[in-house]
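Subject: Structure handover

Hello,

Here is the structure I promised to pass on. Please open it first, then read the notes below alongside it.

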Amino acid sequence: MNNKIIIINGPNLNLLGEREQSQYGSMTFDKLKEMCKKKSQELKLEVVFAQSNVEGELVNIIQDSRNNSDGMIINAAAFTHTSVAIRDALNIYKKPIIELHISNIYKREEFRQKSLISDIVTGGIFGLGTDGYILAIISMQKLLGNEN
Ligand code: DQA
């Protein structure tokens, strides 16, 4: 059976391609989703791609995925810097988690330089644009011992 991963996206990432292109590039959210699905298929991973602008919904998605996924890639977007609830939900998820940011949060405003989740995830990727999603999928495949 193929491993199953979930890629979770937080607020405003649905507007990729439209919002702050200087930070996030020109790729649309739909194109990103398509690219992630293609890469996952290539690596024989099943993938679920989720997005919500609502904190509680993200907590529900994280909780629900604990029993039906093997690994998680999460760009919690602005909630990275504010949400104890998302941190707590991630702490309950006892499988590999990769934190992802399109931009380099450590080169930006001070309030973005603090992540409430970095110290509880397996590893992180930031500042490499939307390519970071592809790199995260490759790393997740290795973390799951799924190299072909
Ligand atoms: C982001 C960085 C966050 O600070 C910001 O609020 C986002 C996107 C990133 O991918 O670079 O919405 O997580």
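Ser103 is found in the loop that runs between β4 and β5. This is a predicted model, so please read everything here in that light. Is Ser103 buried or exposed? Ser103 counts as buried because its relative accessible area is 6%, and the cut-off for buried is under 20%. Its side chain makes a polar contact with the side chain of Arg108, at 2.9 Å. Ser103 is also one of the residues around the ligand.

Two other residues share that loop. Tyr106 is found between β4 (97-101) and β5 (123-126). Tyr106 has a relative accessible area of 37%, so this residue is partly exposed. Pick Ser118 as a partner for Tyr106: the two are twelve residues apart in sequence, and their C-alpha atoms are 12 Å apart in space. Thr122 lies in the loop between β4 and β5 as well. Thr122 is partly exposed, with a relative accessible area of 48%.

From Thr122 you can step across to a helix. The C-alpha atoms of Thr122 and Ile92 are separated by 13 Å, with their positions 30 residues apart along the chain. Ile92 belongs to helix α4. At 46% relative accessibility, Ile92 counts as partly exposed. Now go from Ile92 to Arg66. They are 26 residues apart along the chain, and their C-alpha atoms are separated by 7.8 Å.

Next, the ligand. Where does the ligand sit? The ligand sits in the largest pocket. Which residues are around the ligand? They are Arg19, Tyr24, Asn75, Ala77, Ala78, His81, His101, Ile102, Ser103, Ile105 and Arg112. By type, this shell divides into five nonpolar, four polar and two charged residues.

Three short distances to ligand oxygen are worth checking on screen:

- His101: an N or O atom of the side chain is 2.8 Å from an oxygen atom of the ligand.
- Ile102: here a backbone N or O atom is involved, 2.7 Å from an oxygen atom of the ligand.
- Arg112: a polar side-chain atom lies 3.0 Å from an oxygen atom of the ligand.

How much of the ligand does the protein bury? Taken alone, the ligand exposes 320 Å², and the protein buries 98% of that.

Now for the backbone. Most residues other than glycine have a negative phi. Two residues here are worth a look on that point. Ala77 has a positive phi, near 50 degrees, and is a residue other than glycine. Ala77 lies in the loop between β3 (71-75) and α4 (84-92). Its relative accessible area is 12%, so Ala77 is buried. Ala77 is also among the residues around the ligand.

Glu20 is the other case. Glu20 is not a glycine, yet its phi is positive, at about 25 degrees. Glu20 lies in the loop between β1 (4-9) and α1 (21-24). Is Glu20 buried or exposed? Neither label fits: at 42% relative accessibility, Glu20 counts as partly exposed, because that class falls between the 20% and 50% cut-offs.

One last pair. Lys37 is found in helix α2, which covers residues 29-42. Lys37 is partly exposed, at 34% relative accessibility. Lys37 and Ile134 are 97 residues apart in sequence. How far apart are they in space? The distance is 9.8 Å, C-alpha to C-alpha.

If you want a route through the model, begin at Ser103 and its contact with Arg108. Then turn to the ligand in the largest pocket. Finish with the positive phi values of Ala77 and Glu20.

Best wishes

Terms used:
Residues numbered from 1 in each chain as written. Predicted model: local features only at pLDDT ≥ 70, side-chain atom pairs only at ≥ 80, totals over all residues. Heavy atoms only, no water. Near = heavy atom within 4 Å. Polar contact = N/O pair within 3.5 Å; in protein donor to acceptor, adjacent residues only side chain to side chain. Areas by Shrake-Rupley, 256 points an atom, 1.4 Å probe, with all protein chains shown as cover. 1 Å grid on protein atoms, 1.4 Å probe; cavity = no way out; pocket = protein on both sides within 12 Å on 5 of 7 lines; lining within 4 Å. Sits in = over half its atoms within 2 Å of the grid points. Nonpolar A, V, L, I, M, F, W, Y, C, P; charged D, E, K, R; others polar. Helix = DSSP H or I, 4+ residues; strand = E, 2+ residues; numbered from the N terminus. Buried < 20%, exposed > 50% of the residue type's maximum accessible area, 1.4 Å probe, protein only.
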